Amino acid sequence: MAFASLPRAQPLLARLSGPRRGARARTMAPPRCLALELPGCTLAHLAVGAGAADACPDPRAAALLGGPGRSFSLCVPVAPGGDCAARVRAARLHQRLLRQLRAGPLRGCQLHRLLSYCPGGGPGAVQRGVLLRDPGDSPDTRRALLALLDAHVEAPRPRLGEFVGGPRRELWHFAWEPQDGQGWRQGGPEPVARAPEPALHPVVPDLPGSGVFPDRESARAVLEACTPFIPEARAVLDLVDQCPKQAQKGKFPVVVIEGLDATGKTTVTQSVSESLKAVLLKSPPACISQWRKLFDDEPTIIRRAFYSLGNYIVASEIAKESTKSPVIVDRHYIFRAVFGSQQNREAGTESFHVPPASHTHTSAIVNILANVAHRYNRRTGTKRRQPPEPTVDFRIRSGGAYIP
């Protein structure tokens, strides 16, 4: 495969002051924005394009994107208004790219989470991606990235960009574009500047179809799109279709015990169910738990759809068993809703959904709280005083989200 010439930093910088052919057409488009995760799990919002020309870049982002070293953006597009199948394909490609970057010749580079979005773009406007930083600015990095793109010829095709710092600490972005079998061509420079933080995080419009599913059909559509490459998805759908859509709780009480990992839920639920002579149910239910590892290895949208549909099966079991005896449930809808929302809230989102009607027939919900260090020690078998800081921050906020 022939590559276009791969200019180094000095020729790129020289182009910044020269005339730009075709720049007039590009200036008509509004700037696209990037949400870049910085060290410490903070975010920097950047605007890329003509509308960003008069603003200064975020100094935190400039330190990461400018020299010394070289940074590249790699994003996976989703067609505007794309259906579940399009979102699933994009999510699987994003996951595959991450694995290739971590295991191949680029594994020595630093990776940072990245989102590309249009402000106010609505559902499907977000492109998930990654920022790859090469501290040594090796020419092999660019060649390896272009070779990686050559290996992905089916839609959606990843989009590669390159950042260059200017002599006055300004930032520029260059997009790499395919040339009809003639390798790759680097586009003209686009200014990069600080963008205002949006009122809602860019992923919020996509949450009902990819994070916390508000109804059975939205989760079902995701697994339906997975049946061509995950045969077990059809088995899950068949079990869900056997469940009544409007399950009615019986006369006996139903107690759901919630809590984060390693708080002692399993121990408590077993003890309480034995004391009350109650039926013990778990989420995911036993009929699909044998596929849990399979779906845990899939992207978030698929994994959450699997667990969401498992909750509908559990709701059906609750309705059936509560006609005969008390029921104790080890986790149900609330944990998945909290976990899904808080993972996005880690980037600023505070969006929750009302539980579906089929999940609201509980008599009581008990939330178990435990010290962060205690839970970490239970999970790892160590006696460290604190887990790594991002985990602490995420878990504390997740625990607080249980409290109305």
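**Asp137**

I started with Asp137, which I count as buried because its relative accessible area is 17%, under the 20% cut-off. I placed Asp137 in the loop between β5 (127-134) and α5 (139-150). Before going further I noted that this is a predicted model. Then I looked up the backbone of Asp137: phi is near 50 degrees, a positive value in a residue other than glycine. I wrote that down since most residues other than glycine have a negative phi.

**Lys277 and Ser325**

I went looking for another positive phi and found Lys277, at about 55 degrees, again not a glycine. Lys277 belongs to the loop between α9 (265-276) and β11. Is Lys277 buried or exposed? It is exposed, because its relative accessible area is 70% and the cut-off for exposed is over 50%.

Lys277 turned up again when I checked Ser325. I find Ser325 in the loop between α11 and β12 (327-330). Its partners, once I skip residues up to four places away in sequence, are Phe252, Lys277 and Val279. Ser325 itself counts as buried, with 12% relative accessibility.

**A cis bond**

I checked omega at Pro284 next. The peptide bond running from Ser283 to Pro284 is cis, and omega is near 5 degrees. I marked it because most peptide bonds are trans. Pro284 sits in the loop between β11 (279-282) and α10 (292-296).

**Ser71 in β3**

I moved to strand β3 (residues 70-76), where Ser71 is located. Its relative accessibility is 0%, so I put Ser71 down as buried. What does Ser71 touch beyond four places in sequence? I listed Leu64, Leu65, Leu131, Leu132, Arg133, Gly161, Glu162 and Phe163. I also took one C-alpha distance here: Ser71 to Asp134 is 6.2 Å, with their positions 63 residues apart in sequence.

**Around Gly209, Ala219 and Ser308**

Helix α6 (residues 207-210) holds Gly209. Gly209 is buried, as its relative accessible area is 18%. Its contacts beyond the four nearest places in sequence are Arg87, Val222 and Ile301. From Gly209 to Ala219 I read 7.3 Å between C-alpha atoms, for a sequence separation of 10 residues.

Ala219 came up again from Ser308, whose contacts outside four places in sequence are Phe213 and Ala219. Ser308 is part of helix α11 (residues 300-321). I log Ser308 as buried because its relative accessibility is 9%.

**α4 against α7**

Val222 sent me on to α7, since Val222 is one of the α7 residues that meet α4. Two packed helices are described by the angle between their axes and the distance between the axes. For α4 (residues 84-103) and α7 (residues 216-226), the axes cross at roughly 65 degrees and come within 9 Å. I noted the crossing of α4 past α7 as right-handed. On the α4 side I have Cys84, Ala85 and Val88, and on the α7 side Ala221, Val222, Ala225 and Cys226. How many residues of this contact are nonpolar, polar or charged? I got seven nonpolar, no polar and no charged.

**Asn377**

I then looked at helix α13 (residues 372-380), which includes Asn377. Asn377 counts as partly exposed because its relative accessibility is 22%, and that class runs between 20% and 50%. Its C-alpha is 8.7 Å from that of Ala262, though the two are 115 residues apart along the chain.

**Whole chain**

I left the totals for late in the session. The secondary structure has 14 helices and 13 strands. Of the 404 residues, 50% are buried. Taking contacts between residues at least 6 apart in sequence, I see 72% joining residues at least 24 apart. The exposed area is about 19,700 Å², and 54% of it is supplied by carbon and sulfur atoms.

**Confidence**

My last lookup was pLDDT. The average is 78, and 74% of the residues score at least 70. Where is confidence lowest, and where is it highest? It is lowest in helix α2 (residues 23-27), with a mean of 41, and highest in helix α8 (residues 231-241), at 97.

Residues 1-28 stay under 50 in pLDDT, and the model gives them 50 contacts beyond four places in sequence. The stretch 384-404 is also below 50, with 41 contacts beyond near neighbours in sequence. I'm leaving the contacts of both stretches unexamined, because coordinates should not be read in detail where pLDDT is low.

Notes:
Residues are numbered from 1 along each chain as its sequence is written. This is a predicted model: local features need pLDDT of at least 70, side-chain atom pairs count only at pLDDT 80 or more; totals for chains, interfaces and linings use all residues. Side-chain values use heavy atoms; hydrogens and water are left out. Helices (H or I, at least four residues) and strands (E, at least two) are DSSP runs, numbered from the N terminus. Buried means under 20% relative accessible area, exposed over 50%, partly exposed in between (1.4 Å probe, protein chains only). Contact means heavy atoms within 4.5 Å. Axes are lines fitted to C-alpha atoms, for helices over the stretch in contact, and angles run from 0 to 180 degrees between N-to-C directions. A crossing is left-handed if the near helix is turned anticlockwise from the far one by less than a right angle, and right-handed if clockwise. Ala, Val, Leu, Ile, Met, Phe, Trp, Tyr, Cys and Pro count as nonpolar, Asp, Glu, Lys and Arg as charged, and the others, Gly among them, as polar. Accessible areas come from the Shrake-Rupley method with a 1.4 Å probe; for residues, only the protein chains shown count as cover. pLDDT is the predictor's confidence in each residue, from 0 to 100.
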